[in-house]
Amino acid sequence: MFGQLATTIFKFKSDNISNERKEKLKTLIDFIQRKVDKHQAVRLNFICTHNSIRSHLSQVWTQALAFHFNIHNVFCFSGGTEATAVYSQVIMSLRSAGFQITQLSEGPNPVYNVKYSFDEHPITAFSKKYDAGFNPSANFAAILTCTEADNACPFITGAEERIALPFNYPKAFDNTPQRAEKYEETSLQIAIELCYVFSKINTRNKPNNV
């Protein structure tokens with residue numbers, strides 16, 4: 001793992017996660033643990049309305065944290081109830097944390113390669129619908145990262161489990177001096193909570209420290 005990113009993760013503290021929030025996270029912990037115990041692939045599809053902010057942050061952090069905790073066969077995806085574009089501030093927040101990101105295309109919905117380690121396959125980030133062909137069609141958990149998507153998707157075809165896990169919405173601070181700060185806060189909240197999730201997975205493997 002890239003040194004700066006490993007340092008960022010090392011600083012995460014779960015002390016401020018409320019007991020109520022931990023109960024919500026337990027559903028995700030239990031799903032991952034069942035898959036790990038059965039030596040099955042862990043497929044996680046993070047879904048929000050526009051697949052522009054929270055679902056991408058969740059996908060990227062989850063993939064990196066699975067690697068950090070040396071939990072294998074974790075495959076992360078994201079999608080929206082509609083496709084828009086990855087917000088530029090999301091890319092900036094991830095770069096600030098230590099991810100290395102390359103933009104592969106221009107246009108209204110650009111494609112990015114997001115790397116967390118020199119030798120691991122990059123995450124391909126672009127906006128898409130949750131049921132697009134790029135995403136799994138069966139044997140996955142659907143994690144709803146916003147209440148709007150939770151309400152709009154009462155049933156998700158192919159999902160083994162549906163988990164409502166809404167995160168703070170930083171877009172309300174666009175065009176304000178607090179914009180960068182609020183995106184960083186949302187990224188940090190997502191990262192810390194998902195770090196807590198993987199810290200609870202029982203495995204004989206040790207975390208990757210490099």
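The following paragraphs lead the reader through this structure, from the chain as a whole to individual residues.

The model described here is predicted. Its chain contains 6 helices and 7 strands. Along the sequence these elements appear in the pattern α-α-β-α-β-α-β-β-β-β-α-β-α. The radius of gyration is 16 Å, close to the 17 Å that the globule rule gives for 210 residues, so the chain is as compact as a globular protein of that length. Taken along the principal axes, the box filled by the C-alpha atoms is roughly 45 × 40 × 35 Å.

Further totals describe the interior and the surface of the chain. Of its 210 residues, 50% count as buried. When contacts between residues at least 6 apart in sequence are considered, 68% of them join residues at least 24 apart. The accessible surface comes to about 10300 Å², and carbon and sulfur atoms account for 49% of that area. The chain carries 22 positive and 19 negative side chains, and the centres of these two sets lie 4 Å apart.

The helices may be taken next, beginning with α1. This helix spans residues 3-10, and its buried residues are Leu5, Ala6 and Ile9. Seen down the axis of α1, these buried residues fall within an arc of 100 degrees, so they line one face of the helix. A general property of helices is relevant here: an α-helix has 3.6 residues a turn, so residues three or four places apart point the same way. The partners of the buried residues of α1 are three other helices, namely α3 (54-68), α4 (88-97) and α6 (179-199).

Helix α4 has a buried set of its own, made up of Gln89, Val90, Ile91, Ser93, Leu94 and Ala97. These residues pack against the helices α1, α3 and α6, and also against the strands β3 (100-103) and β4 (112-115). After α4 comes Gly98, which has a positive phi, near 125 degrees.

Positive phi values also occur in the loop between α3 and β2. Asn70 is found in this loop, and its phi is near 60 degrees, a positive value in a residue other than glycine. Asn73 is placed in the loop between α3 and β2 as well. The phi of Asn73 is likewise positive, near 60 degrees, in a residue that is not glycine. With a relative accessibility of 44%, Asn73 counts as partly exposed.

Strand β2, which covers residues 74-80, includes Phe77. The relative accessible area of Phe77 is 17%, and because buried means under 20%, Phe77 counts as buried. Setting aside neighbours within four places in sequence, Phe77 is in contact with Arg43, Leu44, Asn45, Phe46, Gln59, Phe134, Asn135 and Pro136. Ala191 lies 114 residues from Phe77 along the chain, and the C-alpha atoms of these two residues are separated by 16 Å.

The last residue to be considered is Lys171, which is placed in the loop between β7 (159-164) and α6. Its relative accessible area is 30%, and Lys171 is thus partly exposed. If residues up to four places away in sequence are not counted, Lys171 touches Ile53, Tyr87 and Tyr183. Lys171 is 24 residues from Thr147 in sequence, and the distance between the two in space is 15 Å, C-alpha to C-alpha.

Note on methods:
Residues numbered from 1 in each chain as written. Predicted model: local features only at pLDDT ≥ 70, side-chain atom pairs only at ≥ 80, totals over all residues. Heavy atoms only, no water. Helix = DSSP H or I, 4+ residues; strand = E, 2+ residues; numbered from the N terminus. Rg over C-alpha atoms; globule rule 2.2 N^0.38 Å. Buried < 20%, exposed > 50% of the residue type's maximum accessible area, 1.4 Å probe, protein only. Contact = heavy atoms within 4.5 Å. Areas by Shrake-Rupley, 256 points an atom, 1.4 Å probe, with all protein chains shown as cover. Lys, Arg positive; Asp, Glu negative; His and termini not counted. Charge placed at Lys NZ, Arg CZ, Asp CG, Glu CD. Arc of directions from axis to C-beta.
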